[in-house]
Amino acid sequence: MRSKILLEVINESHGWDQKIFKTLAENAISSTLLYLNYDPSIFEVAILTCDDKKISELNHEFCDKSKTTNILSWPEKDLSTKISGEMPFRVSILNQSIIFLGNMAVSYQFTMAEAKEQGKNFYDHVHHLLVHGTLHLLGFAHDLELDAKIMEKIEVEILAKALISDPYGQK
């Protein structure tokens, strides 16, 4: 029996070390699911590792934003409550063997430049982005201040367990 997430990684960028990325993604996504009391082995996620050009195209096509970004997430099912400050709906796991959570795309160039600019370890930064993206797949949002605080608190706690410092610089 598997203990980690079922993960499909599609590589469209030469920058990523696919073996390292896949291990990092499995750990980041699985730790996020475990933190929220889910069994990672019943979930599947697909991730596109890409470059700035591709993520910019995806951001424009799906989010109507004409800019490059670090990570994008597309949940298979909208689990958000639409009420600020409330936790998302739980994933229904009844009578399902594998549950597809959704898709993510991560840009190598943008993420590398961002990590350097912020003085962060690249792999720690990628780990954080994957936790962040997974939370989006699970219905978490950060559009409103109260929701952002909830999401950031969860991210910081998950990252602390992986010995990664607070990416928001909170005390």
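These legends describe close-up views of a predicted model.

**View 1. The largest pocket and the residues at its centre.**
The largest pocket holds about 1100 Å³ of space. Its lining counts 44 residues, and those closest to the centre are His136, Phe140, Ala141, His142 and Asp143. By class, 18 lining residues are nonpolar, 16 are polar and 10 are charged.

**View 2. Elements that build the lining of the largest pocket.**
Five elements are named here. Helix α2 (52-63), strand β3 (71-75), and helices α3 (108-118), α4 (122-137) and α5 (145-161) each give at least two residues to the lining of the largest pocket. The largest share comes from α4, with six residues. Leu137, the subject of View 5, also has its place in helix α4.

**View 3. The second largest pocket.**
About 160 Å³ of space lies in the second largest pocket. Its lining is made of 11 residues. Nearest the centre are Lys77, Leu79, Val91, Ile99 and Phe100. Strand β4 (residues 99-107) supplies the largest share of this lining, three residues. The class split is six nonpolar, two polar and three charged. Two of the residues nearest the centre, Lys77 and Leu79, return in View 5, where both touch Leu137.

**View 4. Thr111 in helix α3.**
Thr111 sits in helix α3. Its relative accessibility is 0%, so Thr111 counts as buried; the cut-off for buried is under 20%. Beyond its neighbours within four places in sequence, Thr111 is in contact with Asn70, Val106, Phe122, His125, Val126 and Leu129. Helix α3 is also one of the elements that supply at least two residues to the lining of the largest pocket.

**View 5. Leu137 in helix α4.**
Leu137 belongs to helix α4. Leu137 counts as buried because its relative accessibility is 1%. Residues up to four places away in sequence are not counted in the contacts that follow. Leu137 touches Val45, Ser73, Trp74, Pro75, Lys77 and Leu79, and also Leu101, Gly102, Asn103 and Met104. A distance along the chain can be added to this view. Leu137 and Ser80 are 57 residues apart along the chain, yet their C-alpha atoms are separated by 9.4 Å.

**View 6. Ser56 in helix α2.**
Ser56 is found in helix α2. Its relative accessible area is 21%, so Ser56 is partly exposed. Partly exposed residues fall between the limits of under 20% for buried and over 50% for exposed. Ser56 is in contact with Lys65, Lys67 and Thr68, leaving aside neighbours within four places in sequence. The C-alpha atoms of Ser56 and Ser66 are separated by 6.7 Å. These two serines are 10 residues apart along the chain.

**View 7. The packing of helices α1 and α5.**
Helix α1 (residues 18-35) packs against α5 at an angle of about 120 degrees. The axes are 10 Å apart. The crossing is right-handed. On the α1 side, the contact involves Ser31, Thr32 and Tyr35. On the α5 side, Ile154, Glu157, Ile158 and Lys161 meet them. By class, the residues of this contact are three nonpolar, two polar and two charged. Helix α5 is also among the elements that give at least two residues to the lining of the largest pocket.

Methods
Residues numbered from 1 in each chain as written. Predicted model: local features only at pLDDT ≥ 70, side-chain atom pairs only at ≥ 80, totals over all residues. Heavy atoms only, no water. 1 Å grid on protein atoms, 1.4 Å probe; cavity = no way out; pocket = protein on both sides within 12 Å on 5 of 7 lines; lining within 4 Å. Points joined across faces, edges and corners; volume = space filled by probe spheres on them. Helix = DSSP H or I, 4+ residues; strand = E, 2+ residues; numbered from the N terminus. Nonpolar A, V, L, I, M, F, W, Y, C, P; charged D, E, K, R; others polar. Buried < 20%, exposed > 50% of the residue type's maximum accessible area, 1.4 Å probe, protein only. Contact = heavy atoms within 4.5 Å. Axes fitted to C-alpha atoms, helices over the stretch in contact; angles between N-to-C directions. Left-handed = near helix turned anticlockwise from the far one by under 90°.
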